[in-house]
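Dear colleague,

Please find below the structure I would like to hand over to you, followed by an account of what was found in it.

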Amino acid sequence: MSSQLFLLLLIISFSTISLAQDVSGNLEGMVSDSLGNALPGVNITVQSENLQGLKGTATNEKGYFSIRFSSCW
């Protein structure tokens, strides 16, 4: 019985460790011209050696953009 309990606790501990490795985040900003006017419809693209492919979006009518990242793309 104690060996089964030990095995169960070992499995749970590895499950907790693997959940802690989840990487996520946001990249947010606003695009404006030199006068401070918002620029809608600007394409934003992010590329990195650590990303699989490109991540991107376009600015909204107020020049704002947001790209969400997670390890489960």
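Helices here are DSSP runs of H or I with at least four residues, numbered from the N terminus. In this predicted model, helix H1 covers residues 2-20 and contains Ile12. With a relative accessibility of 44%, Ile12 is classed as partly exposed, because that class lies between the buried limit of under 20% and the exposed limit of over 50%. Ile12 also belongs to a nonpolar surface patch of about 380 Å², together with Leu5, Leu8 and Leu9.

Turning to the interior, the largest nonpolar core has seven residues: Val31, Ile44, Val46, Leu51, Phe65, Ile67 and Phe69. Two strands, E2 (43-46) and E4 (64-70), each give two or more residues to this core. E4 provides the largest share, namely three residues.

Val31, one of the core residues, has contacts with Ile44 and Phe65, which are also in the core. Leaving aside residues up to four places away in sequence, Val31 further touches Asn37, Ala38, Leu39, Val42, Thr59 and Gly63.

Strand E2 shows an alternating arrangement of side chains. Ile44 and Val46 are buried and point to one face, whereas Asn43 and Thr45 point to the other face and are not buried. E2 is also paired with strand E3 (residues 55-58) in the antiparallel sense, over four bridges. Within this pairing, Thr45 has Gly56 of E3 as its bridge partner.

With kind regards

Note on methods. Residues are numbered from 1 along each chain as its sequence is written. This is a predicted model: local features need pLDDT of at least 70, side-chain atom pairs count only at pLDDT 80 or more; totals for chains, interfaces and linings use all residues. Side-chain values use heavy atoms; hydrogens and water are left out. A nonpolar core is a set of buried Ala, Val, Leu, Ile, Met, Phe, Trp, Tyr and Cys residues joined through side-chain atoms within 4.5 Å. Buried means under 20% relative accessible area, exposed over 50%, partly exposed in between (1.4 Å probe, protein chains only). Contact means heavy atoms within 4.5 Å. Two strands pair if DSSP finds at least two bridges between them. Patches are made of residues with over 30% relative accessible area and no salt bridge: like charges are joined within 9 Å, nonpolar side chains (Val, Leu, Ile, Met, Phe, Trp, Tyr) within 5 Å. Accessible areas come from the Shrake-Rupley method with a 1.4 Å probe; for residues, only the protein chains shown count as cover. A salt bridge is a side-chain nitrogen of Lys or Arg within 4 Å of a carboxyl oxygen of Asp or Glu.
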